[in-house]
Amino acid sequence: MSKTFWIGSCVGSVLLTGLTTAVCLTSIAQATDHISPNIVWPESTSAVVKTISVRDVALRDVLRGIAHEYQLNIVVDDGVAGKATLRLSDLPVSEVLTHIASEYRLLVSTSGSIIYVRPLPLPELPPRIPQISISDGLLSADLKDDELDAVIRKLAAGGLDIIMQNGVAGFLTGTLSDVPLNTGLQTLFESNDFVLRQREEILIVDRPASSRADGGTRSSSWVQASDSLVSIEVSDVPIASVLEELARETDTNIITYSVPEGSISASISEISLDAALHLLLKGTDVTFRKSDGVYIVGKKSTQGIASARLIRLGHIRADAVLDLVPEYLTREATMQIVKEHNGIMVTGSSEAIAETEQFIAQLDYPTPQILIEALVVDFQSTDLFDLGITLGRDPEIAGEVRNTYLFGGAPGQSGGFEANGNSDEANAYLSDLSDIFGIGIGSLPDDFYFRLNALSQEGRANIRSRPQVATLNGHSASISIGTKQYFILKTATPYQGTGNVVVQETERFESIEANVKLDITPWVSSSGEVTAEIRPEFSTPIGDLDPQVPPTINSRVLDSTVRLQDGETIILGGLIQDIETSSISKVPILGSIPLLGKLFRNRSRSTVKSELVIFLTPHVFYGDQRDNATWNELRKGLGLSHDKQNGFLEIIK
C-alpha cells in the first residue's frame, strides 16, 4: 500500500490523502546505533510511503503525522525537539523511521505494537585535563572553558596552596606563557569574573557575583580586605550580605541586633572598616558601636548603642566651632564643650559622630596671625623770630634772673643775641654812665629786671613712634600709647534759701587723654593678600598745662581700608597742620612812640608746620615651617637679634 506524503514548509502542514495535520521538527547531527537490537517492527510498518516531503517542520509533528496516517502507535519522548527537512519516496514506513532516527539522532525501539522514539544519549567524553603549569615561579596556561574545580586541583597538585570558596563554580578561559606566578593568577581569575584573596600563605578563589534569592537576578558582590583596609565593589546587593562578607573577610566580630533593609551599589577602595560601616549604614535607622574590638550593629533607638567621642581641636577654639555646626548634626547628636582639652564631646550614633568630625576637620586649620608693623613719622619744621626789650619789676623774677649774655651758636639757633639781668647789673651800668657824664642818674629798685632779645631760630624735628601689634585673621587689634592729664573743674550750683539764693561751689579733678592710638582689623585671603581696615588717631596737647583750665587737644585721625601683599609697605599721609603765632609786648606810652618806641617793644613770631606720615607693613604667620624664614627677615629689618643663651631680643647697636 503506497501513500503520498506532503508536508508544507512555512505553515508546517502535511498533505496526506486529503488529510492536513500540523507538524514541528529540530535538526540533529548524525548517530550510530539508532535502532534497538533485535527490534521487531509491527506489521503495519511494512506499508510503502510513496512520497514524503518535509521542509523546516517540527520533528514531533512529522512522527505524529506518520502514526496517524498508518495507524501506528508511536510514543514520542518529551526530549524529541527541533525541526526536520527531508524528502523520501517509495520506502517502507520502517525504513522511513530508521532514516529519521539516523538523521536526527533518535533512538527507536518497540514493545509489541508500540513504537518508542526518544533522543539518542550523548556519548560520555573523557574528562578534560586543564593545560596549566608552574615552573620556576612562572605560570603558563592554555585554558578553554575548563572547569574551575579541575584547574584548582591541577594547581594544588603542582604544590600551590590554593582552595576555592564553598559554593563557587564556573569555567576558566585564557592563555598565558611564562608570566610571574602572582601576576598571572590574579589576571587569570579576575578576567574570568573571580576574586583571588590571600589569607596568610593560602590563596582563596571566590566569586564576586552572587544570585539574589528573591528572583535569581544576578548581582555583583565583591568585598576584599588587606592591611586593615577594605575594598568593596557591589551592585544591587542586600546590605545584610555586605555586612556578612565584611565580617568574614576582615575576620572581625560583628554582632547584629537589627539589619537594614534594602540593597546597595558601591565602589569603595582601601578605606578603614569603620569608614565602610559609616557609608553602608548612612541614611538608615541602623548604626553601630565598637566595644572591645567587637562591632555591635542595631537600631539607633536601641539602648546602649550610642557612642561618645571627644573631638580635640588643634588650631581654633571649641566654643567658636560649636556655633557653626549645622542643625541637622545637632539633632542627631549631643555636643558639649570641654574647655580643659579645647574639644567637643559628641554623643550619638557613629554616623553622626563621623559627620561631625569631618565637618570640624574642614574648619580646624591654622589661623593666620598678622603682625602689623607701623612706622609713624611726624615731620615738623619751625621758624622763630624774637626781637625786643622786656623791662619789669617782680621780686620773684628779679631773684631768679642771672646776669647772662648769649651770642648765637646755641642749640637750635641760627644766630642772635640775648641778655638777661636784674637791678644789680643795671645799677652798675648807670653808675658807670654817671661817672662818664658827671651827672647823677640815680639807681633802680631791687625788684627790677630786664631782658634783651634779638634771636632768629629755625629747626626740623621728626617725632617718630613705631607701634607693633599682632592679631588673628579677621580679628581687631588696638594699641594706645599716651598720657592722661588732669585739670580742676569748678561747678557752681545755686540753691534757693530763705529770702536769698545760695551758690554752692564744688571742685573735682577731670581727666583728658592725649594718645597715639592704632586700631586695625586685617584679613588674609587665599591668595596671601592682606586687606586691612586702619584707623590711626594722634592726640597731642597744645601749650603748657594749666590745672585751672582744660587743656587743648590737637587730634588727627585717618580712617582707611587698604590691600597689600605679605611684607609689602604702604604709605599713608596727607595729615598736614600749619600753626603761625605772632605776639607784641610793649611798655605803655613809651612803646607807642614812633621809631623810639621800638626800644620799648618786644615782638615775637613763630611758624610751625607738621605733616603726619604712616608706613604700614603686614607680616603673615601661618604656624608652620615658613614662619622661621619670615621671622628672621623681620628681626633683621627691625634691627633685632636673638640672644640664644638668655633667650631674649636685644637692639642691635
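Two helices whose directions differ by an angle over 145 degrees count as roughly antiparallel. In this predicted model, the axes of helix 5 (residues 239-250) and helix 6 (residues 273-281) cross at roughly 175°, and the two helices are therefore roughly antiparallel to each other. The points below begin with that pair, follow helix 6 to its contact with helix 9, then turn to two sheets and to the confidence of the prediction.

**Helix 5 and helix 6**

- The axes of helix 5 and helix 6 come within 11 Å, and the residues that meet across this pair are Ile-239, Val-242, Leu-243, Leu-246 and Thr-250 from helix 5 and Leu-273, Leu-277 and Leu-280 from helix 6.
- Sorted by class, the residues in the contact of helix 5 with helix 6 are seven nonpolar and one polar, with no charged residues.

**Helix 6 and helix 9**

- The axes of helix 6 and helix 9 come within 10 Å and cross at roughly 110°, which makes helix 6 roughly perpendicular to helix 9.
- Helix 6 passes helix 9 in a left-handed crossing, where Leu-277, His-278 and Leu-281 of helix 6 meet Ser-350, Glu-351 and Ala-354 of helix 9.
- The contact of helix 6 with helix 9 is made up of three nonpolar residues, two polar residues and one charged residue.
- Leu-277 of helix 6 takes part in the contact with helix 5, and Leu-277 is also among the residues that meet helix 9.

**The sheet of strands 22, 24 and 23**

- Three strands in the order 22-24-23 form an open sheet with antiparallel pairing.
- Strand 22 (307-312) and strand 23 (333-338) stand at the edges with a single partner strand each, so one side of each has no neighbour in the sheet.
- On average, neighbouring strands of the sheet with the order 22-24-23 are turned by 20° against each other, direction ignored.
- Six bridges hold the antiparallel pairing of strand 22 with strand 24 (residues 343-348), and among the bridge partners are Ser-307 and Gly-348, the latter in strand 24.
- Helix 9 (residues 350-363) lies across strand 22, strand 23 and strand 24, and runs at about 10° to strand 22.

**The sheet of strands 5, 8 and 7**

- Another open sheet has three strands in the order 5-8-7, and its pairing is mixed.
- Strand 5 (73-76) and strand 7 (106-111) are at the edges, where each has a single partner strand, so one side of each is left without a neighbour in the sheet.
- Neighbouring strands of the sheet with the order 5-8-7 are turned by 20° against each other on average, when direction is ignored.
- Strand 7 and strand 8 (residues 114-119) run antiparallel and are joined by six bridges, with Pro-119 in strand 8 as the bridge partner of Leu-106.
- Helix 1 (residues 59-69) lies across strand 5, strand 7 and strand 8, and runs at about 165° to strand 5.

**Confidence of the prediction**

- The protein chain has an average pLDDT of 75, and 74% of the residues score at least 70.
- Among the elements of the chain, the lowest mean pLDDT, 31, belongs to strand 3 (residues 19-22), whereas the highest, 92, belongs to strand 12 (residues 171-180).
- Over residues 209-220 the pLDDT stays under 50, and the model has 23 contacts beyond four places in sequence for these residues.
- Residues 642-653 also have a pLDDT below 50, and this stretch has 18 contacts in the model beyond near neighbours in sequence.
- Predicted coordinates should not be read in detail where pLDDT is low.

Notes
Residues are numbered from 1 along each chain as its sequence is written. This is a predicted model: local features need pLDDT of at least 70, side-chain atom pairs count only at pLDDT 80 or more; totals for chains, interfaces and linings use all residues. Side-chain values use heavy atoms; hydrogens and water are left out. Two strands pair if DSSP finds at least two bridges between them. Helices (H or I, at least four residues) and strands (E, at least two) are DSSP runs, numbered from the N terminus. Axes are lines fitted to C-alpha atoms, for helices over the stretch in contact, and angles run from 0 to 180 degrees between N-to-C directions. Contact means heavy atoms within 4.5 Å. Angles under 35 degrees count as roughly parallel, over 145 as roughly antiparallel, 65 to 115 as roughly perpendicular and the rest as oblique. Ala, Val, Leu, Ile, Met, Phe, Trp, Tyr, Cys and Pro count as nonpolar, Asp, Glu, Lys and Arg as charged, and the others, Gly among them, as polar. A crossing is left-handed if the near helix is turned anticlockwise from the far one by less than a right angle, and right-handed if clockwise. pLDDT is the predictor's confidence in each residue, from 0 to 100.
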